[in-house]
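Morning, everyone. I have a short tour for you today. Please look at the screen.

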Amino acid sequence: MIENDIIAPYAPAIIKLLKGILYKDDSDWDLLLNNERNVKEYFGKIGVTVYLDEEEGYAYLQQPDREDDDEQAKTLPRLVKRVALSWEVTLLCVVLREELLEFEASTSNSTRCIVSKYKIHDLMRPFFKEQTNDVQLVKKFDSTIDRAVKLHFLKELKGTEGEYEVRRILKAKIPADKLKEIKEELKA
């Protein structure tokens, strides 16, 4: 066994990024900010980019596509896995992104966009054909919400009954200029 007696002080931030999205409310956020150059350099050596949006409060890893012009990147195995989203999860992300746009356009003093489970149901319902079994449809909506929580697009608020914070990572994943295009594809 090789002993590693020198562990970088910013290692927890690197590990969190390897696991997924690092948010401002995470205990290692300041560690990332204070060691941004070192963390970016670390990942840069293996062909991975750290995308950091300090204003919105999130960071995640990006890896060039194999189709890109970078010949070196084409030879690297994928570290950052791609997650295929179901139609329902994609739809949920689109309606949540629209909700985030409306929230930012409002004059609210709050910095967090909070939605209830029931509002999410109402936002998704128009995209589904009328069903005689509403219980089944609600279960589908709830499982879609659970998937969005696991993907870190929503954060369930502790101490509440079915309230969620819409995470700002959706702004990076679904830019405002692509929103209409994606919505049209979903309608088709």
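Two strands pair if DSSP finds at least two bridges between them. Keep that cut-off in mind for the start of the tour. One caution before we move: this is a predicted model.

Start with β5, residues 154–156, and β6. Three bridges join them, and the two strands run antiparallel. Three meets the cut-off of at least two, so β5 and β6 count as paired. For one bridge, take E156: its partner in β6 is Y164. The two strands form a hairpin, with six residues between them. Look at G159 in the turn. Its phi is positive, about 80 degrees.

Now, which other strand pairs with β6? That is β4, residues 114–116. This pairing is antiparallel too, over three bridges. Here S116 has E163 as its bridge partner in β6.

Next, the interior. In general, nonpolar side chains tend to be buried together in soluble globular proteins. In this model, the largest nonpolar core has 31 residues. The ones with the most contacts inside it are L92, L96, I120, M124, L154 and V166. Which elements give two or more residues to this core? They are β3, α5, α6, α7, β6 and α8. The largest share comes from α5, with nine residues.

Pick out V166. Setting aside neighbours within four places in sequence, V166 is in contact with L96, L100, C113, V115, F153 and L154. Apart from this core lies another one, of 15 residues. Among its members are L17, W29, V39 and V48.

On to the rings. How many aromatic pairs does the structure hold? Six. I will show you two of them.

One is Y51 with Y60. The pair is tilted, with 5.1 Å centre to centre and 40 degrees between the planes. Are these two residues buried or partly exposed? Y51 is partly exposed, because its relative accessible area is 31%. Y60 is at 6% relative accessibility, so Y60 counts as buried.

The other is W87 with F128. This pair is edge-to-face: 5.4 Å centre to centre, 80 degrees between the planes. The pair links distant parts of the chain. W87 sits in helix α5, and F128 in the loop between α6 and α7, 41 residues apart. W87 has a relative accessible area of 35%, so W87 is partly exposed. F128 is at 15%, so F128 counts as buried.

Go back to the tyrosines for a moment. Y51, Y58 and Y60 form one aromatic cluster. Y60 also has a lysine over its face: K173, at 4.3 Å from the ring centre. There is an arginine over a ring as well. The charged end of R167 sits over Y23, 3.6 Å from the ring centre.

Last stop: D28. Where is D28 found? In the loop between β1 and α2. Is D28 buried or exposed? Buried, because its relative accessible area is 13%, and the cut-off for buried is under 20%. The side chain of D28 makes a polar contact with the side chain of K16, at 2.8 Å. Leaving out residues up to four places away in sequence, D28 touches P12, A13, K16 and L22.

That is the tour. Thanks for listening.

Methods:
Residues numbered from 1 in each chain as written. Predicted model: local features only at pLDDT ≥ 70, side-chain atom pairs only at ≥ 80, totals over all residues. Heavy atoms only, no water. Helix = DSSP H or I, 4+ residues; strand = E, 2+ residues; numbered from the N terminus. Buried < 20%, exposed > 50% of the residue type's maximum accessible area, 1.4 Å probe, protein only. Polar contact = N/O pair within 3.5 Å; in protein donor to acceptor, adjacent residues only side chain to side chain. Contact = heavy atoms within 4.5 Å. Core = buried A, V, L, I, M, F, W, Y, C linked by side-chain atoms within 4.5 Å. Phe/Tyr/Trp six-rings, centres within 6.5 Å; stacked < 30°, edge-to-face > 60°. Lys NZ or Arg CZ within 6 Å of the ring centre and 35° of its normal.
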